[in-house]
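Colleague: I should like to learn how to read a structure of this kind. May we go through some features together?

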Amino acid sequence: MKIHENKNTLENLTSSIARSLENTSIAGTADYEYSATYTAPKRKELLGKWKITKHTIGDQSFLDTFLATTWKALKTEHAEYHCEYEFLEHECIKRMYISAFSDGRHLEYRLTMVLLWTLKGDVLSVEPLIGYQCSLSDGTPVAIRELSPGRDSIKTALHLDQGSLILIDGDDRKEMEKYGNV
Amino acid sequence: MSSARVFSVANQKGGVGKTSSVIQLASGLARRGETVLMIDGDPQGNLSLFFGASTPKDFSQLLPALARGEAVQLKEYIHRRVRRNLDILPVNNKNLKNEIPDTIIHEAGKIFVTFINSMKEKYQWIIMDSSPSNSPLERILVQSSDAVIIPLEFQLFSVSGLESILEEVNMCSTRTGRDIQVHSLIFTKAENRLNRVKTYRDVFSSFKIPVYEICKSEYIARSLEKSRTIWECGPASYAARDYQRILDKGFPVPV
């Protein structure tokens, strides 16, 4: 089947819009005003400690997703999830803590990770540098794993809006609020 | 008091932020202390829904009444003070376009301009919402405007809608013999992370027209759900700053 491609649709359209504008009466002076988010000094605003207030994977909370995958063999109750990101000048320290009770045992999962971070426009790039994760049962470590540096950086969409930080990576959406400066 | 400036907010493409822009701009002007009338010209009635506006008679009844040459009692049509300084002429009839023939809308259009002119002495700004289509209803809103505000997105079909509305404005100007201006283009839901945004910015910054960006904002989505304006929900948000810039630059305080 022969497919007719029109690769210059936008170009053609904007040319005809430009022609229409020549015949249009315009109020005010021509100027292109960027959104304040584009011109804002975000990097500076990012520095400090942020705690997650809402974390979802698709329609499900991150905690439910974690319990349904990592601890799927266990029947858990009283599950709690805390996570914070501490943005320093070049590094970011991520600390995650999940706890729950299962058959009278206190289960814990801890993750600490140091990431290198850069911000370009609205895209946050992070690169794992060093870290560890461990699982504990009644305070006794049952699994510890060192996290090796990642070769590829992870890119996340970032929105900063009136004290809220929102990170979106596909279905993964984190809302955070700042609770401390560097 | 000076005569009101009348704006219609229009784009034949849906979901580009027309109603949201009417809400934020009109409430921003009212918050500044100026008197504003909003007219919900979109039969979907989302502007009326947002403000919880209801009146004995609505916009869908106004047009046939005008076409019949009836005297219009404004208090029956206008819901006063949905916010301080802010009134609305609501619409509560989603079937407006089916129930009222185009011929009546067309007939009402001539008198609607006179109606709007009579309202100009009562308000400092009149801002009209319109539906995403190209029918006689949208045409009478454009015809009775001093200027048209065109919200759009960084998206091809949205820009295609711009071409149509420009043609519409030029045609209405010719037909009425009035100088109907294009006030500005407003790119709503602006996101820097999208690569294609740069292309659109390059193209539109070369156009001889005021162009504003409103960032994609959680605050706008949240404010709409709670029937609160951006000024009430997130006055320090980037979205509020973006709308404030439009008010400061594009809506000078009436003398």
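Colleague: Is A:L116 buried, partly exposed or exposed?

Modeller: Please keep in mind that this model is predicted. Buried means under 20% relative accessible area, and exposed means over 50%. A:L116 has a relative accessible area of 32%, so this residue is partly exposed. A:L116 belongs to strand 7 of chain A, which covers residues 105-120.

Colleague: Which residues make a nonpolar surface patch with A:L116?

Modeller: A:L129 and A:I130 join A:L116 in a patch of about 230 Å². As for the whole surface, chain A exposes about 10,800 Å², and 50% of that comes from carbon and sulfur atoms.

Colleague: How many helices and strands are there in chain A, and why is the chain described as more spread out than a compact globule?

Modeller: Chain A has four helices and twelve strands. Its radius of gyration is 23 Å, whereas the globule rule gives 16 Å for 182 residues; the value is well over the rule, so chain A is more spread out than a compact globule. Along the principal axes, the C-alpha atoms of chain A fill a box of roughly 75 × 55 × 30 Å. Buried residues account for 43% of the 182 residues.

Colleague: What span should helix 8 of chain B have?

Modeller: One counts 1.5 Å a residue, so the 21 residues of this helix (156-176) should span 30 Å; the end C-alpha atoms lie 31 Å apart, which agrees.

Colleague: What covers the buried residues of helix 8 of chain B?

Modeller: Those buried residues include B:L162, B:I165 and B:L166. Among the elements that cover the buried residues of the helix are helix 1 (9-22) of chain A and helix 9 (195-204) of chain B.

Technical notes:
Residues are numbered from 1 along each chain as its sequence is written. Chains are lettered from A and ligands numbered from 1 in the order in which they are written. This is a predicted model: local features need pLDDT of at least 70, side-chain atom pairs count only at pLDDT 80 or more; totals for chains, interfaces and linings use all residues. Side-chain values use heavy atoms; hydrogens and water are left out. Patches are made of residues with over 30% relative accessible area and no salt bridge: like charges are joined within 9 Å, nonpolar side chains (Val, Leu, Ile, Met, Phe, Trp, Tyr) within 5 Å. Accessible areas come from the Shrake-Rupley method with a 1.4 Å probe; for residues, only the protein chains shown count as cover. A salt bridge is a side-chain nitrogen of Lys or Arg within 4 Å of a carboxyl oxygen of Asp or Glu. Helices (H or I, at least four residues) and strands (E, at least two) are DSSP runs, numbered from the N terminus. Buried means under 20% relative accessible area, exposed over 50%, partly exposed in between (1.4 Å probe, protein chains only). The radius of gyration is taken over C-alpha atoms; the globule rule is 2.2 Å times the number of residues to the power 0.38. The expected span of a helix is 1.5 Å times one less than its number of residues. Contact means heavy atoms within 4.5 Å.
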